[in-house]
Every structure is written in structure tokens, then in C-alpha cells.
Amino acid sequence: MTSDTSPSLADALAAGTVVLDGGMSNQLESAGYDLSDELWSARLLAGRPEAVTQAHLAYFRAGADVAITASYQATFEGFARRGIGHDDAARLLTLSVDLAREASRQAADEGVDRPLWVAASVGPYGAMLADGSEYRGRYGLGVDELERFHRPRIEVLAAAAPDVLALETVPDADEGAALLRAVRGLGVPAWLSYTVDGRRTRAGQPLEEAFALASDVDEVIAVGVNCCAPEDVEPAVEIAARVTGKPVVVYPNSGEAWDAEARAWTGRTRFGAGQVKTWRDAGARLIGGCCRVGPEAIASIRQALGTL
């Protein structure tokens with residue numbers, strides 16, 4: 001766990017490579033929890049918080065240095081649809097950070113002797129819609145409207161004192177701009193991570209333009225990609241490093257495809273720990289996995305990077 005004597009995540013990235021965790025939902029599903037409703041893993045914040053802690057702990061045990069909270073799909077609007085009021089929703093958002101922090105304490109008690117960080121997940125607007133639109137972007141909303149949507153949740157998460165805000169799975173440069181506005185002045189570092197298709201965002205903007213938005217934002221300590229095909233990572237790393245000069249974060253999916261209508265994954269795994277050295281050589285400094293990438297894969301990543 002982090003302490004007053006532990007390096008900041010930004011300092012750790014300047015010094016070397018840091019290992020991220022893997023997919024929260026697949027770890028919870030493998031433990032037998034049903035995540036088929038619109039709140040996805042965020043549903044367990046209210047119903048089974050101890051399950052979230054155990055999922056984080058599994059990744060710390062496997063070798064992850066950073067736990068990403070179960071707040072990706074946790075929004076005031078989404079909770080309201082389930083009859084959860086504003087104050088209780090804010091409490092659950094805060095709880096998502098507390099549970100990850102508790103997992104880091106338990107890992108330390110078990111003998112994990114390295115700095116452990118907590119990243120508060122801020123998913124895209126499309127995650128709240130729960131219709132797969134986070135893989136398309138272009139919601140019909142402007143930057144101002146998207147900032148108004150994101151700001152209240154980001155402010156609550158920032159007040160919970162995570163080590164970093166994970167602005168993740170962003171499909172659209174307009175939404176990236178809105179998120180960057182919302183984190184300015186909060187005093188909490190952030191990373192910005194797009195979901196991509198080749199060298200473009202899911203909404204079709206060139207990655208050069210999308211990454212450039214973060215170049216002069218002091219709060220942003222890393223930029224990159226997540227929730228994408230493994231083969232899309234290497235070119236994105238090169239672009240992100242060249243355009244911003246910042247450390248690069250990458251955590252792709254397993255390579256399987258998400259069927260939004262069936263709410264299921266199809267196809268075969270194309271994620272391999274052997275790829276991570278290539279990503280590191282291209283400039284990636286914060287490396288893990290997203291959907292369908294579990295603790296075994298994270299252990300393999302840590303071993304491949306030689307950071308044990």
C-alpha cells in the first residue's frame with residue numbers, strides 16, 4: 001500500500017514500469033457473481049462489497065501494483081435508475097476507493113512488500129447507457145454537456161483520495177476534452193486512456209489529435225489506450241509517446257469481441273504476456289489488461305517485465 005514514504009505513481013513511472021491489474025468483471029464472474037444488469041460490477045458495491053475487495057486482492061497477489069476501482073459504471077444517473085439516491089450514490093463511489101485501499105492493506109498484511117496504488121475508475125458516458133455505445137462514441141452531446149455529466153462523479157472520487165483518476169475507455173476525443181476539463185484544479189493526478197480502432201478513436205478521430213488534448217494538462221501523468229484489441233496497442237503507444245512526451249498506459253482486452261446485444265464475449269484470446277516487452281520498448285510504462293484478462297495473465301505480465 002502507499003504510505004508517506006512511498007513514491008507517487010508519477011515518480012514510479014519516471015523510474016520504470018508499473019503493472020496494472022486486469023478486468024474486474026471477469027474476476028467477479030469467475031467467483032460466481034452475476035453481473036448481467038446495467039450496473040455491471042458496480043452493483044456489488046452495494047450488495048457484496050467484500051467481493052470487490054477480494055477481486056482487488058487477487059490482482060495484488062498476482063503482481064499488480066495498481067488496482068482500478070469498481071466505479072467504471074457507477075454514476076449518479078445509473079444508480080438513480082435503481083432507486084439509489086444522490087447521497088447513497090456518492091457513498092458508494094467513495095466506497096469503491098475504500099475497498100481498493102482495504103485490499104492493498106490486506107495484501108501488505110500478507111507480505112506483499114511493494115508500493116500499491118489505487119486508481120479511481122471514471123468510465124465514459126456510454127458506460128452509463130449500458131448499450132455498447134462506449135465502443136462507438138458520438139453520443140450527440142457536446143463537450144460542455146459531457147463535462148457536466150462527468151464533473152460531479154469525478155469530484156466525489158477525487159475527494160476519496162485515490163492515488164490517480166483513471167479516465168478510461170474513452171471512445172471520443174470530445175469526451176476526452178470534457179474529462180480533461182473536469183480534472184483540472186482538483187489536485188489529483190489522472191491518466192487518460194482511449195478505446196481505439198487502429199490509429200483512430202472509436203469515434204473516428206486520429207489518435208494524434210486525441211492524445212494532443214492532454215499534452216499541456218499538468219494533472220495528466222500518463223496517456224494511452226485500453227479496452228481495445230492487443231494488436232492496436234503498439235502503434236498507439238508510439239503515437240501517444242511522440243505527441244505528448246508523457247508515460248504511456250496500456251491495458252487491452254484479451255482479443256475477444258464484445259456482443260452488446262447478447263452481453264457476452266465471443267471469439268478467441270489474442271493477448272499474450274510476450275507482447276508486453278514490445279509495448280514497453282515502444283514507450284509503455286503502465287501495463288496491464290482489461291476485459292477478460294485475469295490474475296494469471298497479470299502474473300505473466302509481471303514476470304515478462306522482470307519486475308518481480
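Biologist: How many bridges pair β1 with strand β12?
Modeller: This is a predicted model, where local features need pLDDT of at least 70, side-chain atom pairs count only at pLDDT 80 or more, and totals for chains, interfaces and linings use all residues. Residues are numbered from 1 along each chain as its sequence is written, and side-chain values use heavy atoms, leaving out hydrogens and water. Strands are DSSP runs of E with at least two residues, helices are runs of H or I with at least four, both numbered from the N terminus, and two strands pair if DSSP finds at least two bridges between them. β1 and β12 (residues 284-287) pair in the parallel sense, and the number of bridges is two.

Biologist: Which residue of β12 is the bridge partner of Val250?
Modeller: Val250 brings in strand β9 (residues 248-251), which runs parallel to β12 and is joined to it by three bridges. On the β1 side, Val19 has Ile287 of β12 as its bridge partner. For Val250, the partner in β12 is again Ile287.

Biologist: Which strands are the edge strands of the open sheet of eight?
Modeller: The sheet is open, its pairing is parallel, and the order reads β1-β12-β9-β8-β5-β4-β3-β2. An edge strand here pairs on one side only, and that fits β1 (18-19) and β2 (66-68).

Biologist: In β5, what is the bridge partner of Leu165?
Modeller: β4 covers residues 164-170 and β5 covers residues 190-194. The two strands pair in the parallel sense over four bridges. In β5, the partner of Leu165 is Ala190.

Biologist: At about what angle does helix α9 run to β4?
Modeller: Helix α9 (residues 173-183) lies across β3 (117-122), β4, β5 and β8 (220-226). Axes are lines fitted to C-alpha atoms, for helices over the stretch in contact (heavy atoms within 4.5 Å). Angles are taken between N-to-C directions and run from 0 to 180 degrees. For α9 against β4, that gives about 165°.

Biologist: How far does helix α6 reach from its first C-alpha to its last?
Modeller: α6 (residues 86-109) has 24 residues. The expected span is 1.5 Å times one less than the number of residues, which comes to 34 Å here. The reach in the model is close to that, at 35 Å.

Biologist: Why is the pair of Tyr125 and Phe149 put in its ring class, and which class is that?
Modeller: Rings of Phe, Tyr and Trp (its six-membered ring) pair if their centres lie within 6.5 Å; planes under 30 degrees apart count as stacked, over 60 as edge-to-face and the rest as tilted. Tyr125 and Phe149 have ring centres 4.9 Å apart and planes at 80°, so the class is edge-to-face.

Biologist: Which residue joins Tyr125 and Phe149 in one aromatic cluster?
Modeller: Tyr125 sits in helix α7 (residues 125-129) and Phe149 in helix α8 (residues 143-159), 24 residues apart. Both of these residues are buried, a label for under 20% relative accessible area, with exposed over 50% and partly exposed in between (1.4 Å probe, protein chains only). The other member of their cluster is Tyr139.

Biologist: Which residue forms a salt bridge with Asp172?
Modeller: A salt bridge needs a side-chain nitrogen of Lys or Arg within 4 Å of a carboxyl oxygen of Asp or Glu. Asp172 is buried at 3% relative accessible area, and the closest N and O atoms of its pair are 2.8 Å apart. The partner is in the loop between α7 and α8, while Asp172 is in the loop between β4 and α9, so the pair ties together parts 34 residues apart in sequence. That partner, partly exposed at 48%, is Arg138.

Biologist: Is Asp216 buried or exposed?
Modeller: Asp216 meets Arg184 in a salt bridge, 3.9 Å from N to O. Asp216 lies in the loop between α10 (207-212) and β8, and Arg184 in the loop between α9 and β5. Arg184 counts as partly exposed at 42%, whereas Asp216, at 57%, is exposed.

Biologist: How many salt bridges does the count come to?
Modeller: Another of them joins Glu208 to Arg242, with N and O 3.6 Å apart at the closest. Some share partners, joining Asp144, Glu147, Arg151, Glu155 and Arg181 into one network. The count comes to 16.
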